[in-house]
Amino acid sequence: WDPLSEFPEDHAFRHVVKVPARFESGLDPSQLAGLGLTRPYALWQKGGAKLEGGYSWLRQQILDRIATYSGEVRPRERADRILVRRGSAVGVRIAGTHEEIGCSFVVAACEVADLLRLVPDRSPFEEIFERIGEPQPRWFRYTLNCVVRSEGIPEGMAPDVFLVRDPDRARGAETLLH
């Protein structure tokens, strides 16, 4: 389903709808269609979500939800292994004491590469990699944040600004800034 089917392929509005998807989704934008394109555009129009309480509020909410569902949080302890049976997490082993704690889900605040080191049996991953190949990045993006005094920002400028650096080139990621 193409929500932009009424517009010609080179219409400027198609580009306007696709631009937020290039920055907002974690996927290769050329693979997005239908709601995958329009959802980031609609969210961009509404404005970004803002947590009034900031990080401390978010952390407390997560801890409260874990406690509500009989979960346990041990902030001073670290897991040195995720226990897996039949392809599902069934527990964690605490570093130092080797105490094993059963669980159905593991919530971790680290990079996936660090998390994979805690899984002792990587054979399910290796089997998938042999069948379909090792995952390779297809889309890169980076963020550069600049602090500018309010006097340096033109009146009426929105929090999000999209800039097409070279309108004569194909309208792709290499000519876009956000």
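The following exchange concerns a predicted model of a protein and its aromatic pairs, helices and burial.

Colleague: In which order do the elements of the protein run from the N terminus on?

Modeller: The secondary structure of this predicted model comes to 5 helices and 5 strands. Read from the N terminus on, the elements run α-α-α-β-β-β-α-α-β-β.

Colleague: How many residues does the protein have, and what percentage of them count as buried?

Modeller: The accessible surface of the protein comes to about 14600 Å², and 54% of that surface belongs to carbon and sulfur atoms. A residue counts as buried under 20% relative accessible area. Of the 178 residues of the protein, the share that meets this criterion is 16%.

Colleague: Does the pair of F7 and F13 count as stacked, or what else is it?

Modeller: The count comes to 3 aromatic pairs in the protein. The rings of F7 and F13 have their centres 5.2 Å apart, with 45 degrees between their planes. Planes under 30 degrees apart count as stacked and over 60 as edge-to-face, so the pair of F7 and F13 is tilted.

Colleague: Are F7 and F13 buried or exposed, or partly exposed?

Modeller: The relative accessible area of F7 is 29%, and that of F13 is 28%. Buried requires a value under 20%, and exposed a value over 50%. F7 is therefore partly exposed, and F13 is likewise partly exposed.

Colleague: What separates Y41 and W44 in helix α2?

Modeller: Y41 and W44 form a tilted aromatic pair, 5.7 Å centre to centre and with 45 degrees between the planes. An α-helix has 3.6 residues a turn, so residues three or four places apart point the same way. Y41 and W44 are 3 residues apart in helix α2 (residues 35–46), and their separation is therefore about one helical turn.

Colleague: Which residues do ring pairs link into a cluster?

Modeller: Y41 is buried, at a relative accessible area of 14%, whereas W44 is partly exposed at 27%. Ring pairs join these two residues to two phenylalanines, and the cluster consists of F7, F13, Y41 and W44.

Colleague: How far apart are the end C-alpha atoms of helix α1?

Modeller: Helix α1 (residues 12–24) has 13 residues, which at 1.5 Å a residue should span 18 Å. The computed distance between its end C-alpha atoms agrees with this expectation, at 19 Å.

Colleague: What covers the buried residues of α1?

Modeller: The buried residues of α1 are R14, H15, V17, V19, P20, A21 and R22. Their cover includes α2, β4 (163–164) and β5 (176–177).

Definitions and conventions: Residues numbered from 1 in each chain as written. Predicted model: local features only at pLDDT ≥ 70, side-chain atom pairs only at ≥ 80, totals over all residues. Heavy atoms only, no water. Phe/Tyr/Trp six-rings, centres within 6.5 Å; stacked < 30°, edge-to-face > 60°. Buried < 20%, exposed > 50% of the residue type's maximum accessible area, 1.4 Å probe, protein only. Helix = DSSP H or I, 4+ residues; strand = E, 2+ residues; numbered from the N terminus. Areas by Shrake-Rupley, 256 points an atom, 1.4 Å probe, with all protein chains shown as cover. Expected span 1.5 Å × (residues − 1). Contact = heavy atoms within 4.5 Å.
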